[in-house]
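Biologist: I'd like a close look at a single part of this protein, and then whatever helps me place that part in the rest of the chain. Could you walk me through it in plain words?

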Amino acid sequence: MLSVRWGGAGRCAGSPWLRRWQPEVVLGHDPEAALRHGCWRKLICGASNQDLAAITDLAWVYTRAGIHCIDVAPDPAVVAAARQGIAAALDPGQPPPWLMVSLNDDTDPHFRKAHFDPRHCPADCPRPCEAACPVAAISTTGVAMARCYGCGRCLSVCPLGLIEERPWRLERSQLLEILETCQPEALEIHTRPGAFSAFTQLLALLQPLLPRLRLLAVSAGGPLAHLVPYLWQLHGLLVTQPVPHLWQLDGRPMSGDLGRGTAHAAVALALGVSRHGPPGLIQVAGGVNRHTQKLLDRHGLSGHGEKPPAVLGRPPEARYPGRRLDLEDAPLSREALDGVIARVGRFGGDNRAGIARTLHRISAIRNRSGEVIGLTCRVGRAVYGTVAVIRDLVESNQSVLIMGYPGVGKTTVLREISRVLADELERRVVVIDTSNEIAGDGDIPHPAIGRARRMQVPDPQHQHRVMIEAVENHMPEVIVIDEIGSEQEAWAARTIAERGVQLVGTAHGHQLANLIKNPALRDLIGGLQAVTLGDEEARRRGSQKTVQERCAPPTFPLAVEMHSRDCWHIHWNVARTVDALLRDRPVQSQVRRLDERGILHVQNPSPCPPGLGEPGTSSMAQSAMVQPAPSAAQDIPLSIYPSGVTSHQLDALIHDRQLPVQVVRTVDRADAVLSLRNSLSHDPGARRVAKGLGVPIHVIKSAKPTQLQKALERLLLRFRTKGNAVV
Ligand code: SF4
Ligand code: SF4
């Protein structure tokens, strides 16, 4: 968990943390649920900050951002100012953040203010105190007490030593009365190792209030060797109290804006307490800044729960990589489950729902009568930088198929590919978002897909229709599809690819070999057909007479196997890889690994562009395929307009044979028209233009690969011999 330390009046807009706010992490959670899920966020306004206008503004801004708790000074005017900001910011149905009031059991830097007498300041003083104050609390009239939150930065900068600190604390006699007026939902007690007796006294004083509270935060810091025994001592006291508690750890008090070092101190303290301290939730504070989340992730302390399953009759639990955490001791009740279901979007035909404008996925488990009896809630995050591993493939304009085990990060990669293609390469990208998993729930897509447009799928059974509709209606250059899983979707993908649109998709299965065995999806990699060989050929191959062969060019010429988040295998020529697999020949893919520092290592790094085949599959050259000699006119390719022949078929043949031919979409750009017999009669416009421009029309009887190859070779011969013009 993170909290926010804010510097004071007028600084909310400049808060570095707010600029990096990740609403998808927290929105949709009420404070209690956020605590359970470990993504609870708190705004600390400053235990001695009394700048009412600034507090109202801050409460408004952070409530809009989905904060779970706002921590303020124990002052009824301050609490009223915060509540005013919260009330103005709340959306209908949004759970309000808790208001927490900070108290201290002893002397604490959070409860002090600076003071000096401005009449003693020399007129020519360069006023370093003003520059040191992060909240502009110092002026020629002295320290504005309401603004000063006691950070202490001005104390040592005065060359004349005029500035002193003054404690700011409530009298114990007033405390209960003030808290009764404030009615906070939570309390925070600042303490320090060695102050057990003062803490016990304060807790005894607060007893009448405790049953009404939702949370008691214990804020402490200091060296781990002193802090851990002290927290164990407090734990013995707090487990008997009628309110849940958390440990708020002050890694480096009031220093979150100072840089990376303070974040290290905050996380190191949390790590130490999580290993050696008493049980309970830990809140990272004091030194939190933009580096903190990364450090928490690195140490496995991140508050982003991964897949918390909740099943009726069993306690809900959170699952993190390598560990499990019980979220509650009591079994999940029907009411609690219904409460969760009421707050998420509608479950679709695939039993999945989401939370608007987040990437979280909630999947339902139903009983035999269709009633939801359990949920798996996967916390989704946008991760940037993953596409760097395969950026060259994505930029190649060729269709890319991504495979991998569930949970390896395929959807995360698709999301970023969409953004890179749409924003950085300025392509027209349409995302087919079957379960709203790529761009999140709700009608407004998550910013993680950039300017890519998203088409939702009303019924997962009809994903293939939406895929075709995308091509027919929205003129995409790229279509991104998650989880191609049925024969119809594989057919739709082929149709799209044949129209010259780049596809980037994922499919069930973690290796190309899995797709070969999947009858529904094998069309993606060219499909299979049984072929009966002649005796001699079967003997030469050492195979049976009936073998399986690929029957068409793959829909996806490029394929990526994600073996883990950091290890990717690239197949530059899917056709050749599939052929090699079918003949039990070795397949060698290019292996790309990211190390811990994010540096990419490529095994078998020799460039292996599409069409050239892979090292280790050179035996393919021994097959019936014949590589033509390089053409003299290779640098000026022959332009072919196909009619009745799919451009996909031609493209695959051109790549396989390395022919200096390109497929064009209009007759006026073509050197020749290649047409199936009678096909041009259905395309009178093309025939008219070809006649008008004198573009020769070459007619073939069928679109078999051998026929196509012969036709292209014939056209190429004429093209070369007649000086780059077909006659
Ligand atoms: S202690 Fe000094 S620097 Fe810090 S807020 Fe108060 S006046 Fe400003
Ligand atoms: S630095 Fe010291 S002397 Fe100078 S203006 Fe500030 S308080 Fe006065």
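**Strand E23 and its surroundings**

Modeller: Let me warm up with a charge and a ring: the charged end of arginine 366 sits over the ring of phenylalanine 347, 5.9 Å from its centre. Keep in mind as we go that this is a predicted model. For the overall setting, the protein has 22 helices and 33 strands. Of its 727 residues, 51% are buried. If you take the contacts between residues at least 6 apart in sequence, 68% of them join residues at least 24 apart.

Now for the part I'd pick for the close look, strand E23, which covers residues 502-507. How many of its residues are buried? The count is 6 of 6, so to speak a strand that is mostly covered, by the cut-off of under 20% relative accessible area. Gln502, Val504 and Thr506 point one way from E23, while Leu503, Gly505 and Ala507 point the other way. Both sets are buried.

Which strands pair with E23? One is E19 (residues 400-404), joined to E23 by 3 bridges, with the two running parallel. Another is E22 (residues 478-484), which also runs parallel to E23 and is joined to it by 5 bridges. Glycine 505 is a handy residue to click on here. It is the bridge partner of leucine 401, and it is the bridge partner of isoleucine 481 as well. To get from E22 to E23, the chain passes through helix H16 (residues 487-498), and this β-α-β crossover is right-handed.

Both partner strands bring us to a backbone detail. In E22 itself you'll find glutamate 483. Its phi is near 60°, a positive value in a residue other than glycine. Is glutamate 483 buried, exposed or partly exposed? With a relative accessible area of 29%, glutamate 483 is partly exposed. On the E19 side, look at asparagine 397, in the loop between helix H13 (391-394) and E19. Asparagine 397 has a positive phi too, near 75°, and again this is not a glycine.

Moving along the chain, threonine 191 is worth a stop. You'll find threonine 191 in the loop between strand E9 (186-190) and helix H8 (196-206). Why does threonine 191 count as buried? Because its relative accessibility is 4%, and the cut-off for buried is under 20%. Its side chain makes a polar contact with the side chain of tyrosine 230, at 2.6 Å. Leaving aside residues up to four places away in sequence, threonine 191 touches Asp105, Phe199, Val218, Ser219, Ala220, Tyr230 and Leu234.

Last stop, the aromatic rings. The structure holds 1 aromatic pair. Tryptophan 40 and tryptophan 98 form it, and the pair is tilted, with 6.4 Å centre to centre and 55° between the planes. Tryptophan 40 lies in the loop between helix H3 (31-37) and strand E2 (41-44), and tryptophan 98 in strand E4 (residues 98-104), so the pair ties together parts that are 58 residues apart in sequence. Tryptophan 40 counts as buried, at 0% relative accessibility. Tryptophan 98 is buried too, with a relative accessible area of 4%.

Definitions and conventions. Residues are numbered from 1 along each chain as its sequence is written. Chains are lettered from A and ligands numbered from 1 in the order in which they are written. This is a predicted model: local features need pLDDT of at least 70, side-chain atom pairs count only at pLDDT 80 or more; totals for chains, interfaces and linings use all residues. Side-chain values use heavy atoms; hydrogens and water are left out. Helices (H or I, at least four residues) and strands (E, at least two) are DSSP runs, numbered from the N terminus. Buried means under 20% relative accessible area, exposed over 50%, partly exposed in between (1.4 Å probe, protein chains only). A polar contact is a pair of N or O atoms within 3.5 Å; within protein, one must be able to donate a hydrogen and the other to accept it, and residues adjacent in sequence count only if both atoms are side-chain atoms. Contact means heavy atoms within 4.5 Å. Two strands pair if DSSP finds at least two bridges between them. A crossover is right-handed if, with the strands pointing away from the viewer, the path from the first strand over the helix to the second runs clockwise. Rings of Phe, Tyr and Trp (its six-membered ring) pair if their centres lie within 6.5 Å; planes under 30 degrees apart count as stacked, over 60 as edge-to-face and the rest as tilted. A charge sits over a ring if NZ of Lys or CZ of Arg is within 6 Å of the ring centre and within 35 degrees of the ring normal.
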